[in-house]
Amino acid sequence: MPQVNPAIMVWARETAGLSQEEAAKKLGLRDSPRSSAVEKLAFIERGQKEPSRPQLLKMAGQYRRPLLTFYLSKPPQKSNRGVDFRTLPQSEYSPEEALLDALIREIRARQSMVRVIMEDEDEAVPLPFVGSHRIEDGRAAVLESLQAVLGLTTSDYRTQPNAPLAFALLRKSAEEAGIFVLLKGDLGNHVTALDTTIFRGFSIADEVAPFILINDRDARSAWPFTLMHETVHLLLGNTGVSGGSAENEVERFCNDVAGEFLLPTRDSERLNLNDSDEIDAITAKSSEQDGGSSYYRTRRHRLGSRIIGLVKRMMAADALSTSKAAQILGVKPRQVQPLLDTGSSR
């Protein structure tokens, strides 16, 4: 059984912004005749006492870290985010930023594996639209390219009766163009959920396997805009993370092009962006349990048809092992086949 790393425990507490006194209280540690609550925590953080399983689970919750974090050999480093297009206050590296880095590392690792398998199986066809434009080309030129890449016009999008169906159309078109579009806003549980104030989207402008990550913690009505915004980043050749503000030139440009594609005039009545009556099993947290078919439908929806299709095709050709497929899909090996066998993603 691996041992908990005391240095990680100190790092996790400090990046959560907690003093030893505050953490001891949140963890429910109590004074005793032999030692105070703070001393008990100090013993654990110095490696003089091994934490119990319940204590570790409490730490994972209070420090907002996955349980496995405490077994790492050293604190995780900042990820290679590409360009950070967000406008954030100058402050210390926060727990949320650490979680974002972990998420980006995961997505980058999965994207790298996808590219390698595509290269190995002669499916690595360069996509000419990635990095095909600069801001200096102007909004009209980039908008025209965006429509060409997707094979869609604004009218096609606006004829959809609601935001979920509109997003499904945009996503299908992006995936058919060669873009992998994933929905993910946490590291596997609600404790690690990232608010949209931390990030809304992330793009990897790879000419063979471009990735777009959308924070599915955002309102579903916002997903189409984020997808178009990040696709514009791909056209500009930008790998980076986006937030809610648009205070720099690149973000304003991407917002302008995305907005022009989605709503070129102020006449927006045709598309109902209020999707409150559209929430169903796909987004129901109660369905996310190992086993049930609803769990796999949810997973498929978040992964998208392009990455699922690639994995299924490669496994059928014996070009991809179950363990590698599990890493690409972000599931356990035993879940790979049930996931692939579940009905088509939405």
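**Exercise 1. Helix 8 and the sheet**

Task: State which strands helix 8 lies across, and place those strands in the sheet of this predicted model.

Solution:
- Step 1. Helix 8, residues 163-176, lies across strand 2 and strand 4 (211-214). Helix 8 runs at about 140° to strand 2.
- Step 2. Strand 2 and strand 4 run parallel and are joined by four bridges. Within this pair, V181 stands opposite I212 of strand 4.
- Step 3. Now take the whole sheet. It is open, has five strands in the order 1-5-3-4-2, and its pairing is mixed. Strand 1 (83-84) and strand 2 (180-183) stand at the edges with a single partner strand each, so one side of each has no neighbour in the sheet.
- Step 4. Look inside the order. Strand 3 (residues 201-204) pairs with strand 5 (residues 240-242) in the antiparallel sense, over three bridges. S203 has G240 in strand 5 as its bridge partner.

**Exercise 2. Two faces of strand 2**

Task: Sort F180, V181, L182 and L183 by the way they point from strand 2, and say whether they are buried or exposed.

Solution:
- Step 1. F180 and L182 point one way from strand 2.
- Step 2. V181 and L183 point the other way.
- Step 3. All four are buried. The cut-off for buried is under 20% relative accessible area.

**Exercise 3. The buried side of helix 4**

Task: Find the buried residues of helix 4 and what covers them.

Solution:
- Step 1. Helix 4 spans residues 53-63, and its buried residues are L56, M59, A60 and Y63.
- Step 2. These residues cover an arc of only 100° around the axis, which puts them on the same side of helix 4.
- Step 3. The cover over these buried residues includes helix 1 (6-15), helix 2 (20-26) and helix 3 (37-45).
- Step 4. Move past the end. R64 follows helix 4, and its phi is positive, near 55°.

**Exercise 4. Helix 14 and the residue after it**

Task: Separate the buried and exposed residues of helix 14, then describe T342.

Solution:
- Step 1. Helix 14 buries Q335, V336, L339 and L340.
- Step 2. Their arc around the axis is only 130°, which puts them on the same side of helix 14.
- Step 3. The face turned away from this buried side carries R334 and D341, which are exposed.
- Step 4. T342 is in the segment after helix 14 (333-341). T342 has a relative accessible area of 15% and is buried.
- Step 5. The T342 side chain reaches the backbone oxygen of P338 at 2.7 Å.

**Exercise 5. A loop residue**

Task: Where is S35 placed, and is S35 buried or exposed?

Solution:
- Step 1. S35 is in the loop between helix 2 and helix 3.
- Step 2. The relative accessible area of S35 is 12%. Buried means under 20%, so S35 is buried.
- Step 3. Set aside neighbours within four places in sequence. S35 is then in contact with R30, K40 and F43.

**Exercise 6. The whole chain**

Task: Describe the chain by its helices and strands, burial, contacts and surface.

Solution:
- Step 1. The chain has 14 helices and five strands.
- Step 2. The chain has 346 residues, of which 46% count as buried.
- Step 3. Take contacts between residues at least 6 apart in sequence. Of these, 71% join residues at least 24 apart.
- Step 4. The accessible surface comes to about 16,700 Å². Carbon and sulfur atoms account for 50% of that surface.

Key: Residues are numbered from 1 along each chain as its sequence is written. This is a predicted model: local features need pLDDT of at least 70, side-chain atom pairs count only at pLDDT 80 or more; totals for chains, interfaces and linings use all residues. Side-chain values use heavy atoms; hydrogens and water are left out. Buried means under 20% relative accessible area, exposed over 50%, partly exposed in between (1.4 Å probe, protein chains only). The arc is that of the directions from the helix axis to the C-beta atoms. Contact means heavy atoms within 4.5 Å. A polar contact is a pair of N or O atoms within 3.5 Å; within protein, one must be able to donate a hydrogen and the other to accept it, and residues adjacent in sequence count only if both atoms are side-chain atoms. Two strands pair if DSSP finds at least two bridges between them. Axes are lines fitted to C-alpha atoms, for helices over the stretch in contact, and angles run from 0 to 180 degrees between N-to-C directions. Accessible areas come from the Shrake-Rupley method with a 1.4 Å probe; for residues, only the protein chains shown count as cover.
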